[in-house]
Amino acid sequence: MPGARFEQPAHLIFPGFSLEESGRLVEKLEAAARSAEVFAGSVAKVDLSVEFSLGERLSLTWMRRRNGSFAVRLIVGLLSPEVLPAPAEEAGADDYRKALRAGVLHGLGRLLFSPGPEDPDPVAIALNDPRPRRHSRLLRKLMGTERGSDAILGLLERLEADRCDGLLRRRFPHAAHLLQGGDARAQGWARSAGADRALLGEAGMLLRRQEHPPSRLSGRLRASLNRVLSAGEPAGAYALAEFLLWDLLPQMLSAEMLEGDRTDSRPESFAGDPEALRRELEPLAADIELNARGTAQPIWGEIIPLPHVDGGEVLLRVEVAKGSELEPTQINRRVLERLAAEYGPRAREAFAQEVPALRRALRANWERRHRGRYRAGRHIGTSNLRRYVIQGDLRLFQRLETPQKTSYYFHLLVDASYSMLQNDNASKALAVAAAFTEVLQTIRVPVDVTLYASELTRVHDHRTGSFSTDFGGDFGYLISGTREVEAVGWAAAQAQSVTADHRMIVVLTDGTPVRDVLPLLGGSELAPYYRETLVPWLKRVNIDLLGLGLGICPDYHPRSLCLTEGWETLPVFLELLDDIVAEARAASLALWS
């Protein structure tokens, strides 16, 4: 998959693997990711979430909780040559497990040795240096443009990754074999015929080995690199930004980059032309290995109960975020574009035909007319006085009897793993969820919609109003992993806060959830735990659970339906609406007969 990025995998079907083989490998990688979270999180002293994708990039994101503390989300691109020890076409299961460990190690280095989200920006500190510098006007002008800034930040990210890997090699020498991919890249660049790339590769090798520069480098570069190597953690990141801006880049703009080795004089033409410099730098910065600083995104942790097989309950912590407050990735935006352009309008049109039937069946709930069945009352109501004055109606001490409002609550849990991108299942499932929510809102039936992966993303809260997308809005959600058991527990906690006769949790999924939480709950397999423990526990608080399998049959659900793809959920939800219509009509007929 050349050129793939972590936001753009098709789905987690590994090159050369069958669907079943990929499923088994994903399950092993999920277990390894949970172990890595415990190890790396304890070393770095942060709450860490580890995910993986079939991309070629690693991403590190700092996420701010409601209480102001931070959690960290690390996405490992398993196809990155920095972590995968073999070409993707030849890689086996062990290679992908090694790639995950290598990616987690890279991320751990950035957590340990790079500035955090609340630390000053190294580039901003370097740019604020008032001392006169060579080519400072050109570089400041370049940093003033978005693409130029991205190019320079890309160079800094590459060098910072090399510096952190070098510090990791010193702290964890037994794990040096996991850093060989980055070593090979830096060595290849150091041997490049292009002088710019060669210098960047040589600087990277020195940072990775934590070695002092050789004498063949110019004195200015040697002195600057020595300051970086001796600066410590994380001060080295600030020294590295100064090295890049005021020593390395000016050397690229001169003919003195490598003593006696510089034959390319093209950078001479850069004077006063930031666009030309940007074009020269972008190929060197295109493969940003890691977004070290990330962005602060709001999440919060909630404590939920889940049933233990011995009859007790276990308290677990789940991470929850609001979709409207998360920065959407490219993959989020593509899912929403398909929803807005195609599937959303089709789902809305299909559900629209149910609205008249719903309104007719439930009209007694909101149309309080004076005709009908009355019962005796003790007080004269203002509506009775109004009818007496206007229409001469003498039933002053009678009150209109109306049927009890049909009482439902739904919580839709939509699988947000990468495999849901297959056949546009994510867009289709979200379209059905949005249209179903919109219809039920017209009759005041509360509906919540949550996407679940390694964390939960709430995209609709019945207490606050409209669906986050509104068939075209922008929102982000967390991807990777299938932590369904925890999601069901959280949805049950939300359902118990709603007063309703019928409460239902509907799960839309295309894969088997991870089972690493089961040992904490006294179980080992999903099917017996759901059948003997989870579903009876939900029944005791009047909550039903329905599993809708997309492309698979979720036979671990005692009550489940097997569907071919996401769009086939549409008739299932239409049948749920028919059940609501039938119950409301029966209540109305019983009243008026």
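A cavity is a set of grid points where a 1.4 Å probe fits but cannot get out. The exercises below use this idea and a few others. The model is predicted.

**Exercise 1. Describe the largest cavity: its volume, its lining and the classes of its residues.**

Step 1. Start with the search. Three cavities of 30 Å³ or more are found in the whole structure.

Step 2. Take the largest cavity. Its volume is about 70 Å³.

Step 3. Look at the lining. There are 11 lining residues, and Asp 415, Ala 416, Ala 426, Leu 451 and Tyr 477 are the closest to the centre.

Step 4. Find the elements. β9 (408–415) and α14 (425–442) are the ones that give two or more residues to this lining.

Step 5. Sort by class. The lining of the largest cavity has nine nonpolar residues, one polar and one charged.

**Exercise 2. Which element gives the most to the lining of the second largest pocket?**

Step 1. Get the volume. The second largest pocket has about 670 Å³.

Step 2. Find the centre. Of its 28 lining residues, Glu 37, Leu 48, Arg 317, Glu 319 and Arg 483 are the closest to it.

Step 3. List the elements. α1, β1, β3 (70–77) and β6 (313–322) each give two or more residues to this lining.

Step 4. Pick the main contributor. It is α1, with five residues.

Step 5. Sort by class. The lining of the second largest pocket has 13 nonpolar, four polar and 11 charged residues.

**Exercise 3. Analyse the salt bridge between Arg 34 and Glu 37. Then do the pairs Asp 94 with Arg 97 and Glu 342 with Arg 346.**

Step 1. Recall the principle. Side chains of opposite charge can pair when their charged atoms come close. The structure holds 24 salt bridges.

Step 2. Read the distance for Arg 34 and Glu 37. It is 2.8 Å from N to O.

Step 3. Place this pair. Arg 34 and Glu 37 are about one helical turn apart, because they are three residues apart in helix α1 (residues 19–44). Both Arg 34 and Glu 37 are buried.

Step 4. Move to helix α2. The closest N and O atoms of Asp 94 and Arg 97 are 2.1 Å apart. These two residues are three apart in α2 (residues 93–113), so about one helical turn separates them.

Step 5. Check exposure. Exposed means over 50% relative accessible area. Asp 94 is therefore exposed, at 52%. Arg 97 is at 22%, so it counts as partly exposed.

Step 6. Finish with helix α11. Glu 342 and Arg 346 meet at 3.1 Å, N to O. They are four residues apart in α11 (residues 330–352), so about one helical turn lies between them. Glu 342 is partly exposed, at 27%. Arg 346 is also partly exposed, at 38%.

Step 7. Go beyond pairs. A network of salt bridges links Glu 82, Asp 162, Asp 165, Arg 169, Asp 183, Arg 185 and Arg 208.

**Exercise 4. Is Leu 54 buried or exposed? Is Gln 494 buried or exposed?**

Step 1. Place Leu 54. It sits in the loop between β1 (47–53) and β2 (58–64).

Step 2. Apply the cut-off. Buried means under 20% relative accessible area. Leu 54 has 1%, so it is buried.

Step 3. Compare sequence with space. Leu 54 and Ser 80 are 26 residues apart in sequence, and their C-alpha atoms are 8.7 Å apart.

Step 4. Place Gln 494. Helix α15 (residues 484–495) holds it. Gln 494 has 10% relative accessible area, so it is buried.

Step 5. List its contacts, leaving aside neighbours within four places in sequence. Gln 494 touches Glu 302, Tyr 409, His 411, Asp 448, Arg 458 and Arg 463.

**Exercise 5. Build a picture of the largest nonpolar core.**

Step 1. Recall the trend. In soluble globular proteins, nonpolar side chains tend to be buried together.

Step 2. Find the hubs. Among 54 residues, Phe 351, Phe 410, Leu 412, Phe 436, Leu 440, Phe 573 and Leu 577 touch the most other members.

Step 3. Name the suppliers. Elements with at least two residues in this core include α11, β9, α14 and α17 (569–592). α14 gives the most, with 10 residues.

Step 4. Zoom in on Phe 410. Leaving aside neighbours within four places in sequence, its contacts include Phe 436, Leu 440, Met 504 and Ile 580.

Step 5. Look elsewhere. A second, separate core has 46 residues, among them Val 26, Ala 36, Ala 40 and Leu 112.

Note on methods: Residues numbered from 1 in each chain as written. Predicted model: local features only at pLDDT ≥ 70, side-chain atom pairs only at ≥ 80, totals over all residues. Heavy atoms only, no water. Salt bridge = Lys/Arg side-chain N within 4 Å of Asp/Glu carboxyl O. Buried < 20%, exposed > 50% of the residue type's maximum accessible area, 1.4 Å probe, protein only. 1 Å grid on protein atoms, 1.4 Å probe; cavity = no way out; pocket = protein on both sides within 12 Å on 5 of 7 lines; lining within 4 Å. Points joined across faces, edges and corners; volume = space filled by probe spheres on them. Nonpolar A, V, L, I, M, F, W, Y, C, P; charged D, E, K, R; others polar. Contact = heavy atoms within 4.5 Å. Core = buried A, V, L, I, M, F, W, Y, C linked by side-chain atoms within 4.5 Å.
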